[in-house]
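Here are my notes on the model you sent round. I've kept them to a handful of places worth opening in the viewer.

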Amino acid sequence: MAEQVRIAVVGPFSGARSAWGELLRRSARQFTEPSLVWEFHDDRGDAEWGVLRAGDVTDDGGYAAVIGHFNSAGAEGALPLYRRAGLPVVLPLATRPGLLAGSGGGALRWCPDDLGQLRAIAAAAAGHGLARLLVGHDDSDYGRHLAALFTALPAPPLALSALPSPWKPRAGDAVAVCGTHVGVAGVVRGLRRAGFDGRLFATDDCSVGEFAELVGTAGRDVHVTRLAGGPERRVEAAFTALAGALSGDPAARGERLLARIRAHADAAFTADGELDVSPGTDAGHGWEIRPVRPARPGTRGTGGAPAEVASFDVAVVGAGVVGSAVAAATAAAGARTALFDAGPAVPSATHWSGGIVRAYDPDPDMRALAVRSHQLLWGRSSGHARRYGFRRTGSLVLLGPGDLPEAVRGVVELQAGGIEAELLTVEDIADRWPQLAAGHAAGAVWEPGGGCADPRLTTSEYRRQALATGAQVLDDARVFALEPHPLGGLVRLDGSSVLAHSVVVAAGSGTPALLAERLPAGAGTAEPVTRRIRYGYFDRGGLALPALVDLVTGVWGRPMPEEPGAGTLLVGRPVDEWGVPPGGGTQLTPEQVEYVRDGASTVWPWLREARCLGGRHGTDLYRKDGPLLGVVPGEPWTVVAACWSGGGFKTAPAAAESAAEKVLANLRRQGRISA
C-alpha cells in the first residue's frame, strides 16, 4: 500500500462561520484516495485561533501542505510559521489585500483580493443611478477592516461616506454593509425595521445560503458580492490542484510541491503566489453582484447558493466541456444564460476524459460531429487551438478487416471537409513508428492534424468566454430535478428554483436521473448505462508518439505534454464494469495497472517494462443506439446533449453548436432574442 500523505485543512468547522468550513469538508470528500489524508483543524473563523492552529500543524512536522485559512487575519499571522517550516500553503478564499506581498512564494492564493469586490459594489451602485453609497459594518474586526478599505478607495465611481451613527440613510441612498454573514444579516434586519427601503449591498462572507435564511423577509433588494462563479469553484479548484500534485508525486515537498501545484492549477500566479490578473481588466474583475431573496419557509440553501427564484433565457445543466461551450454560444448570441453543475454526486465525464482529438470515427454520425468540431476548433491555427489546451501530435486509428470499408468512406469525408487524412497499411505503420506493434491490425487512418487536448483547459476557455459574454455560472447550486413550466422549464435546486425559457441537459452520468424516459425523438429504445473509465500514466522514455485508438483491441493512448503525467503516455483499456455509480479518483490498484499494461502492450510492446507513474478512473455514459443530441419529445424548450460512449470529447465543439442552435431557435420563435 502506498504511503499516506497528510494534508492539514484549516478553517471554521464550528461557530458562527462554520457554513464556510463545510465548503472545505465537501471538497475534501471528493478526493477520498487512500494515499491522501485530510486532517481538519478548527480555527473557528478567528484570527488568534488561526495562529494557534498553525502552531499545532507546524509542531506536528508530518504534514505535506496546508489548505484553508478563510480568515485573512488568521492567514496573515500563520503564514510566517508555515514559511519557516517549509510547508506550502493553498489559500482558496483569503481575500485581504497584500496578503502575500513580498513573500517571495510559499503560498498560492486562488482568489482576487477585497479591493475588487469593493469596487464592484461601488460600480453596481453607480450603475443603478444612485448618487451616494453609505458604508457601514457589523462591528466585527473583519467588518471594520473592510469598511475602512472601502471608504479609502481612490476615485470611486460615486460618492462614498461612512454610515453615520445612529444609522440614518436617506431616500436615494444605497448602503453597503461589511462583515460576517451572521453580523450583516442582523444589520440588514435592523435597517429594515428602522424604515430603510433602499438598496443594500453585503460583502462576500454573505455569499452562503445560510445568509438568505438569517436575513429572512428583510432580504428584499439586498445584493451580495461573491467571487465570480461562486466560492465553491475556488475551493474545488484549489483542492483539485493540490490533490493532483500529490497523487502524481507523493514525495514532493516544499518548493517542488509548490511547482507541481502551479502546474496542476487552473490559474496563473505571480512570483509571490497571488492570482495573476491581467492588467487593464475591469476594476471588479473576479467578482460579481447577485440579488438575494429570502428562503422559503422550511428550506435552507446549501453550498453557497442563494435561496432565490431567478429567470433566464437558457439554463445549461452540466458544466463540462459541452455544457460550458453551449453557455458560451448562447450568451454570445444575447441570451441570458445560467450554467449549472449537475452537482457533486455526478461529476462531469470531462474531468476524467483522455482528451484524444481526431476527426475519424467509425460511426458516421459521430464522424460528422468530429469533422465539424475540427472546422470549428481543432483544425484552426495553432495559436488559437493551443488556448484550448490542444496539441498536434497526429492521430492514428488502427483498423480491423471489418473496419476497412467504412474507413475508406470516412477518409473521403474527412478530405472533403478539408482535413488531411490517409489510409495506411500495416507496413506503413511499421516504417513510420517502429516502436508500435500493429501486426494484429488490417490498416489505419492517419490524421497529421489530430492530437490531444487538456480537457480542463478546453473547458476553462469556454467557461471564460461564457462569463465574458454575460453568462452567470451557478455551479455551486446542485440541480435536483427538471420540471415542465408554462414558460419553459423549472430547474429545481436545494431550497430554490430557476425558471428558464430553454434548457440544455449536458449532465453526463447525471442525465438519466434528470430526464428519466424523456429521450429525443428517434433515439431508439436502448437505456443509457454508466461505465467505468480507467487509465494509467506510463513513462514513454522520450519517445515521440501519436495519439492512438485501436479499434481491434479497444486500447487507446496519447502522449501527455501537460500535467498530470507530463512526459508519459496516457494509456486506457476498456473495463467491463457497467452500471457503476458516478465519480472517479486518481489512484489505481496494482492489479488495475497490470490489466491496463497487459492489454496496451499489444500495441506498445515496451510498456511491459515501463514504469507506471499513476492513474485515474472515472465514469461515462454509454448507449448502443448512439448519443442523445436533440429536442426532448413534447418539450421544445428542452435539449439534451449526452451519452457520448467514451468518445465525445473530440466532438464537443460541434455537439455544443448543435445544442445551442436548437435552444436559440426556440428563443427566436418566442421573440425573446432577435433573429
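**Notes on the model**

1. Let's begin with a histidine. His264 has a relative accessibility of 5%, so it counts as buried, the cut-off being under 20%. You'll find His264 in helix H9, which covers residues 254–264. A polar atom of the His264 side chain lies 3.5 Å from the backbone oxygen of Gly244. Do bear in mind that this is a predicted model.

2. Now the overall picture. The protein has 675 residues, and 58% of them are buried. I get 18 helices and 30 strands for the protein. Take the contacts between residues at least 6 apart in sequence: 73% of these join residues at least 24 apart.

3. Helix H2 is a good place to look next. H2 runs over residues 47–60, 14 residues, and at 1.5 Å a residue it should span 20 Å; the C-alpha atoms at its ends are 20 Å apart, so expectation and model agree. At the N-terminal end of H2 the cap is Asp46, with a side-chain oxygen 3.0 Å from the backbone nitrogen of Glu48. Just after the helix, Gly61 takes a positive phi of about 80 degrees.

4. Which residues of H2 are buried? They are Gly50, Arg53, Ala54, Gly55 and Val57. On spacing, an α-helix has 3.6 residues a turn, so residues three or four places apart point the same way. The cover over the buried residues of H2 includes three strands, S1 (5–11), S2 (36–42) and S3 (65–68), along with helix H3 (72–85).

5. Asp43 deserves a look alongside H2. It lies in the loop between S2 and H2. Is Asp43 buried or exposed? Its relative accessibility is 1%, so Asp43 counts as buried. Setting aside residues up to four places away in sequence, Asp43 touches Val10, Gly11, Pro12, Trp49, Gly50, Arg53 and His69. Two of these contacts, Gly50 and Arg53, also appear among the buried residues of H2.

6. Ser14 belongs with the previous point. Ser14 sits in the loop between S1 and helix H1 (18–29). The C-alpha atoms of Ser14 and Asp43 are separated by 8.1 Å, with their positions 29 residues apart along the chain. Not counting neighbours within four places in sequence, Ser14 is in contact with Asp42 and Arg44. Ser14 has 28% relative accessibility and therefore counts as partly exposed, whereas Asp43 is buried.

7. For helix packing, try H4 and H5. H4 covers residues 114–127 and H5 residues 141–151; their axes come within 10 Å and cross at roughly 60 degrees. H4 passes H5 in a right-handed crossing. From H4, the contact is made by Asp114, Leu115, Gln117, Leu118, Ile121 and Ala122, and from H5 by Leu146, Leu149 and Phe150. By class, that gives seven nonpolar residues, one polar and one charged.

8. Two backbone angles to check, both positive phi values outside glycine. Asp139 has phi near 75 degrees and is not a glycine. Asp139 lies in the loop between strand S6 (132–137) and H5. With 54% relative accessibility, Asp139 counts as exposed, because the cut-off is over 50%. Cys643 is also not a glycine, and its phi is positive, at about 65 degrees. The loop that holds Cys643 runs between strand S30 (635–642) and helix H18 (652–669). Cys643 has a relative accessible area of 2%, which means that it is buried.

9. Last stop, Thr458. This residue is found in helix H15, residues 455–468. How far apart in space are Thr458 and Val321, C-alpha to C-alpha? The distance is 6.8 Å, although they are 137 residues apart in sequence. Val321 is also one of the contacts of Thr458; leaving aside neighbours within four places in sequence, the others are Trp378, Tyr388, Ala453 and Phe649. At 0% relative accessibility, Thr458 counts as buried.

Notes
Residues are numbered from 1 along each chain as its sequence is written. This is a predicted model: local features need pLDDT of at least 70, side-chain atom pairs count only at pLDDT 80 or more; totals for chains, interfaces and linings use all residues. Side-chain values use heavy atoms; hydrogens and water are left out. Helices (H or I, at least four residues) and strands (E, at least two) are DSSP runs, numbered from the N terminus. The expected span of a helix is 1.5 Å times one less than its number of residues. Buried means under 20% relative accessible area, exposed over 50%, partly exposed in between (1.4 Å probe, protein chains only). Contact means heavy atoms within 4.5 Å. A polar contact is a pair of N or O atoms within 3.5 Å; within protein, one must be able to donate a hydrogen and the other to accept it, and residues adjacent in sequence count only if both atoms are side-chain atoms. Axes are lines fitted to C-alpha atoms, for helices over the stretch in contact, and angles run from 0 to 180 degrees between N-to-C directions. A crossing is left-handed if the near helix is turned anticlockwise from the far one by less than a right angle, and right-handed if clockwise. Ala, Val, Leu, Ile, Met, Phe, Trp, Tyr, Cys and Pro count as nonpolar, Asp, Glu, Lys and Arg as charged, and the others, Gly among them, as polar.
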